[in-house]
Amino acid sequence: MHEQRAYFADGLPALAPSMQCVHEVLHVSVERISGRKLQRIRKRWFFAHPLCVQCSREGRLTLATELDHVVPLFKGGQDDDDNRQGLCSPCHERKTRVDMGHGPMPGCDANGWPIDPLHSWNRLT
Ligand SMILES: [Zn+2]
């Protein structure tokens, strides 16, 4: 809790408890890495993999700000590098909704993309 407002030297915000990956909050079977060890992993990961992998797949360059488990821990994924990926906040939110069995967000298509043609995401290309 005392690290809630901490920032890395490279400017990446530390993971506040409220921003914890919901996958990690919900898991019960795998011991979750937390605290300083998690902060070290995040710093190393974002230094080596600065871009959101989902945005990259869709042709956008977006900084990753959230460390995600490809296979959620509560679905049996492991808390190791083979199961990590960096996502931006919107992509992480979309993935989490799918992982949790929820449908797309209101106003978005099945991929979570805004339906509104005037939405800023639809005016980038
Ligand atoms: Zn993204």
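Of the 125 residues of the chain, 15% are classed as buried in this predicted model. The secondary structure consists of four helices and two strands, arranged along the sequence in the pattern α-α-α-β-β-α. Among the contacts with a separation of 6 or more, 46% link residues 24 or more positions apart.

Confidence varies along the chain. The average pLDDT is 80, and 75% of the residues score at least 70. Among the elements, strand S2 has the highest mean pLDDT, at 97, and helix H1 (residues 22-26) the lowest, at 49. Over residues 1-13 the pLDDT is below 50, and this stretch has twelve contacts in the model beyond near neighbours in sequence. Residues 23-28 likewise stay under 50, with 13 contacts beyond four places in sequence. Where pLDDT is low, the predicted coordinates should not be read in detail.

The two strands are paired. S1 (residues 66-69) and S2 (residues 84-87) run antiparallel and are joined by four bridges; within this pairing, Glu66 has Leu87 of S2 as its bridge partner. Strand S1 is covered on both faces, with Glu66 and Asp68 buried on one side and Leu67 and His69 buried on the other.

Helix H2 (residues 35-48) comprises 14 residues, for which a rise of 1.5 Å a residue predicts a span of 20 Å; the C-alpha atoms at its ends are 20 Å apart, in agreement with this expectation. One of the 14 residues of H2 is buried, so the helix lies largely in the open. Trp45 belongs to H2. This residue is partly exposed, because 17 other C-beta atoms lie within 10 Å, whereas a buried residue requires 20 or more. Residues up to four places away in sequence aside, Trp45 touches Leu67, Arg84 and Gly86. Leu67 is a residue of S1 that is itself buried, and its C-alpha atom is separated from that of Trp45 by 8.1 Å, although the two residues are 22 apart along the chain.

In helix H4 (residues 89-99), the buried residues are Cys91, His92 and Lys95. These residues lie on the same side of H4, because they cover an arc of only 100° around the axis. An α-helix has 3.6 residues a turn, so residues three or four places apart point the same way. The buried residues of H4 pack against helix H3 (53-57) and against both S1 and S2. Just after H4, Gly101 adopts a positive phi of about 85°.

Taken together, S1 and S2 are involved in contacts on more than one account: the buried residues of H4 pack against these strands, and Trp45 of H2 touches Leu67, a buried residue of S1.

Definitions and conventions
Residues are numbered from 1 along each chain as its sequence is written. This is a predicted model: local features need pLDDT of at least 70, side-chain atom pairs count only at pLDDT 80 or more; totals for chains, interfaces and linings use all residues. A residue is buried if 20 or more other C-beta atoms lie within 10 Å of its own, exposed if 12 or fewer, and partly exposed in between; C-beta atoms are placed from the backbone. Two residues are in contact if their C-beta atoms, placed from the backbone, lie within 7 Å. The expected span of a helix is 1.5 Å times one less than its number of residues. Two strands pair if DSSP finds at least two bridges between them. The arc is that of the directions from the helix axis to the C-beta atoms. pLDDT is the predictor's confidence in each residue, from 0 to 100.
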